[in-house]
Amino acid sequence: MTFVHSTLAAALCAGSAFAQLSVTAVQPQHHASNQAPNTAIVVDFDRAVDATTLNQFRAYGSICGPVSGVFTLSNGGARVTFTPRRPFGAGEVVQLNLSDSLRAADGSFLRAQGFSSAFRAIAAPADMAFTSIASWDADPGTFARIYGAQVCDFDGDEYSDIALICENTSDVRVFLSDADSSGSFGAMVGTPNVTGSTPSPNENADLNDDGEIDVVTCDTAGDSVSVLLGNGDGTFQAAVVYPMGSGPHGMALLDVDGDGDIDVMSANTGSENLALRRNNGDGTFGPVSFLASGVSGTWAMAAGDMNGDNITDVVVGGRFSTDVRVHLSNGDGTFSMQPAAATGGQTWMIVLGDVNGDRKLDVASANGPTGNGAILLGNGAGGLGAAAVVPGAGQMVATDLGDLDGDGDLDWVLSSFGGGRWTIYRNNGAGGMALQQTIFATSNPACAAILDIDRDGDLDLALLDEIADTCTILENGVLDAQTFCAGDGSGVACPCANEGDDGHGCANSQPTGGALLNARGRASVANDSLSLAVGGMPIASTALLFQGAAALAGGAGAPFNDGKRCIAVPTLRLGNKPGVNGFAAWGVTVGDAPLSVSGGIALAGGAMHYQVWYRDSASFCTASTANLSNGVRVVWTP
């Protein structure tokens with residue numbers, strides 16, 4: 001049986017209980033890394049699931065936002081397979097939540113705590129040679145003071161956009177990607193989105209289960225959080241401000257009570273406590289309650305499952321006690337405080353990630369005025385090991401983790417205010433960090449954001465300078481590739497006016513926005529690691545890759561079947577691929593010839609154009625059952 005639904009979640013292993021529905025296995029495994037972009041999620045239960053309650057599955061990507069796709073029941077209804085409609089983004093964390101309202105066919109329910117799990121998508125190899133490709137001032141006429149950013153696909157075109165969080169002007173400013181693989185951005189969308197006073201920490205989630213990305217800011221001078229519900233086009237509804245306690249400087253979004261919706265917590269330095277507001281299920285929040293923080297100078301906060309029980313916990317950092325404490329969730333809005341672990345400095349910001357590849361979450365800390373950073377390895381039971389401290393300069397105000405070199409482990413970026421620099425540390429695979437490079441700021445950093453800005457599969461950097469008031473995009477690697485002959489929102493004719501999303505080919509019979517082709521790797525005849533990957537095709541598709549020396553109609557293309565043909569004849573066929581979950585790739589599968597070889601690229605290199613033709617069994621637009629992706633121009637070097 002197959003079901004289509006707009007949300008997903010999954011759960012990890014739990015012992016079977018006669019009186020309740022229980023999860024026995026899940027793939028990908030909890031806290032797994034390096035998962036393929038077209039990964040399907042499979043959850044096994046101890047009994048058949050009531051298909052009418054599959055809306056209690058939800059999945060959320062840290063970049064792509066809410067995940068939609070197709071549910072299939074098998075194994076007598078006891079196995080649920082979810083196939084996403086679009087590939088996951090490079091390096092993004094996918095959080096899975098399964099509500100306590102999920103029901104079995106026999107009428108039993110999942111445990112009251114619900115279930116959560118998470119995995120991280122793979123990032124492509126890159127040489128960590130960063131090139132500045134874009135930079136802009138948040139507001140040339142005003143010192144807005146950028147303090148942070150959310151890097152998400154706010155408009156659903158599979159390209160990362162940027163929402164700048166500005167302290168002095170107390171607002172959020174959204175800039176949408178041009179969606180052409182160039183890494184460039186358009187002007188600010190609309191007007192600034194006003195928040196409570198002095199927003200600093202910030203997170204994103206789907207708070208009202210409408211399939212759109214929402215943003216929450218922690219307003220340090222306003223003693224509040226501001227909830228901005230997204231409209232799906234880069235705009236937001238007016239912020240709703242909720243008091244949280246005195247001086248909130250840390251924030252986390254998580255499901256504290258197993259009902260599947262996302263609640264909000266803050267770490268309050270003025271009142272030296274934690275504040276919790278539970279989601280009413282519609283993106284509004286109930287009354288505030290307070291919990292002990294267990295640290296002095298309550299400042300930093302992050303959420304993640306620290307003991308592997310598939311319930312999301314929180315970690316809290318103290319500036320004055322120079323430590324962190326894990327608060328293990330009981331799944332009912334209460335927590336069990338664990339022993340403190342020293343960070344080696346005044347804990348200012350923390351992030352969680354598996355830095356040593358054991359599928360247990362670790363803590364990376366930026367230690368503020370102490371001017372250093374630290375990694376604390378988790379033991380998988382809620383405990384933390386001794387801090388591995390690295391020295392720095394100025395005030396270490398931000399810490400970020402991401403696989404910048406694409407070797408399968410998480411690298412580390414520290415931002416130094418006063419030191420005027422970002423320092424990048426390369427992971428040795430076991431969680432040991434060695435200084436790889438230093439990038440100097442125009443003035444003083446606020447933080448860095450790690451994201452795939454140009455859809456080439458590797459992770460780039462957005463560097464936020466708090467005093468220069470600028471956002472600077474650094475591209476990782478040297479690939480020169482750009483999308484053409486694609487949807488841009490202007491209504492340029494596809495057959496039957498079926499224009500796809502920005503950057504995509506024409507729409508097809510499944511709601512993916514059209515097929516999206518991207519290049520990744522190195523397009524060098526002498527050192528060829530180029531691959532081409534397409535996603536967003538119907539789930540059961542066969543794809544054929546074409547290469548041509550010229551773009552048709554100056555790159556505008558011409559209607560053909562249900563899509564637009566983008567490259568001019570003569571063309572070269574580079575091979576068929578069976579689509580897996582609507583995804584196919586060339587140049588990466590064992591047995592694939594290098595694209596420079598199969599394409600007969602001249603030793604001197606030059607520009608080539610690529611496009612995918614694919615089968616769509618449904619007669620969607622014209623009488624044809626075929627469509628095409630966007631085109632991609634790649635410049636080959638010798």
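**Entry 1. Aromatic rings**

Which cluster do ring pairs link together? I looked this up in a predicted model, and I found that Phe45, Phe57, Phe71 and Phe82 are linked by ring pairs into a cluster. My search of the whole structure gave 10 aromatic pairs.

I then took up one pair from this cluster. Phenylalanine 45 and phenylalanine 57 have ring centres 6.2 Å apart and planes at 80°, so I recorded the pair as edge-to-face. Phenylalanine 45 belongs to strand E4 (residues 41-45) and phenylalanine 57 to strand E5 (residues 57-61), so the pair ties together parts that are 12 residues apart in sequence. I noted both phenylalanine 45 and phenylalanine 57 as buried.

I turned next to phenylalanine 88 and phenylalanine 119. Their ring centres lie 5.5 Å apart with the planes at 75°, so this pair is edge-to-face. I located phenylalanine 88 in the loop between strand E8 (79-84) and strand E9 (93-98), and phenylalanine 119 in strand E10 (residues 115-121), so the pair ties together parts that are 31 residues apart in sequence. Phenylalanine 88 counts as buried because its relative accessibility is 4%, under the cut-off of 20%. Phenylalanine 119 is buried too, with a relative accessible area of 2%.

**Entry 2. Charges over rings**

Which residue lies over the face of phenylalanine 115? I found arginine 111 there, at 3.7 Å from the ring centre. I also noted arginine 565, which lies over the face of phenylalanine 560 at 6.0 Å from the ring centre.

**Entry 3. Two open sheets**

I traced an open sheet of 4 strands in the order E11-E40-E39-E38, with antiparallel pairing. Its edge strands are strand E11 (130-137) and strand E38 (445-451), each of which pairs on one side only. Neighbouring strands of this sheet are turned by 20° against each other on average, direction ignored. Within the sheet I followed strand E39 (residues 460-465) and strand E40 (residues 470-476), which pair in the antiparallel sense over 5 bridges. I looked up leucine 463 and found that its bridge partner in E40 is threonine 472.

I traced a further open sheet of 4 strands, in the order E34-E35-E36-E37, and its pairing is antiparallel. Here the edge strands are strand E34 (394-402) and strand E37 (433-440), each pairing on one side only. The twist averages 20° from one strand to the next. Strand E36 (residues 421-427) pairs with E37 in the antiparallel sense over 7 bridges. What stands opposite tyrosine 425 in E37? I found leucine 435.

**Entry 4. Disulfides**

How many disulfides does the structure hold? I recorded a count of 3 disulfides.

Cysteine 485 and cysteine 566 form one of them, with sulfur atoms 2.1 Å apart. The torsion about their S-S bond is about -75°, so I entered this disulfide as left-handed. Cysteine 485 lies in the loop between strand E41 (481-484) and strand E42 (516-520), and cysteine 566 in the loop between strand E46 (563-565) and strand E47 (571-578), so the pair ties together parts that are 81 residues apart in sequence. I found both cysteine 485 and cysteine 566 buried.

Cysteine 494 and cysteine 506 form another disulfide, with sulfur atoms 2.0 Å apart. Their link is left-handed, with -80° about the S-S bond. I placed both cysteine 494 and cysteine 506 in the loop between E41 and E42, 12 residues apart. Cysteine 494 and cysteine 506 are both buried.

I also recorded the disulfide of cysteine 496 and cysteine 621, whose sulfur atoms are 2.3 Å apart. The torsion about this S-S bond is about 115°, so the disulfide is right-handed. Cysteine 496 is in the loop between E41 and E42, while cysteine 621 is in the loop between strand E49 (606-615) and strand E50 (626-636), 125 residues apart. Is cysteine 496 buried or exposed? I found that cysteine 496 counts as exposed, at 53% relative accessibility. Cysteine 621, by contrast, is buried, with a relative accessible area of 18%.

I numbered the bonded cysteines of the protein in sequence order and obtained the pairing 1-5, 2-4, 3-6.

**Entry 5. Cysteines without a bond**

Why does cysteine 218 have no bond to cysteine 447? The closest cysteine sulfur to that of cysteine 218 is in cysteine 447, 14 Å away, and this is too far for a bond because a disulfide needs sulfur atoms within 2.5 Å. I noted cysteine 218 as buried, with a relative accessible area of 0%.

Cysteine 471 is in no disulfide, and the nearest cysteine sulfur, that of cysteine 447, is 9.2 Å away. I entered cysteine 471 as buried, at 0% relative accessibility.

How values were computed
Residues numbered from 1 in each chain as written. Predicted model: local features only at pLDDT ≥ 70, side-chain atom pairs only at ≥ 80, totals over all residues. Heavy atoms only, no water. Pairing = 2+ DSSP bridges. Axes fitted to C-alpha atoms, helices over the stretch in contact; angles between N-to-C directions. Phe/Tyr/Trp six-rings, centres within 6.5 Å; stacked < 30°, edge-to-face > 60°. Buried < 20%, exposed > 50% of the residue type's maximum accessible area, 1.4 Å probe, protein only. Lys NZ or Arg CZ within 6 Å of the ring centre and 35° of its normal.
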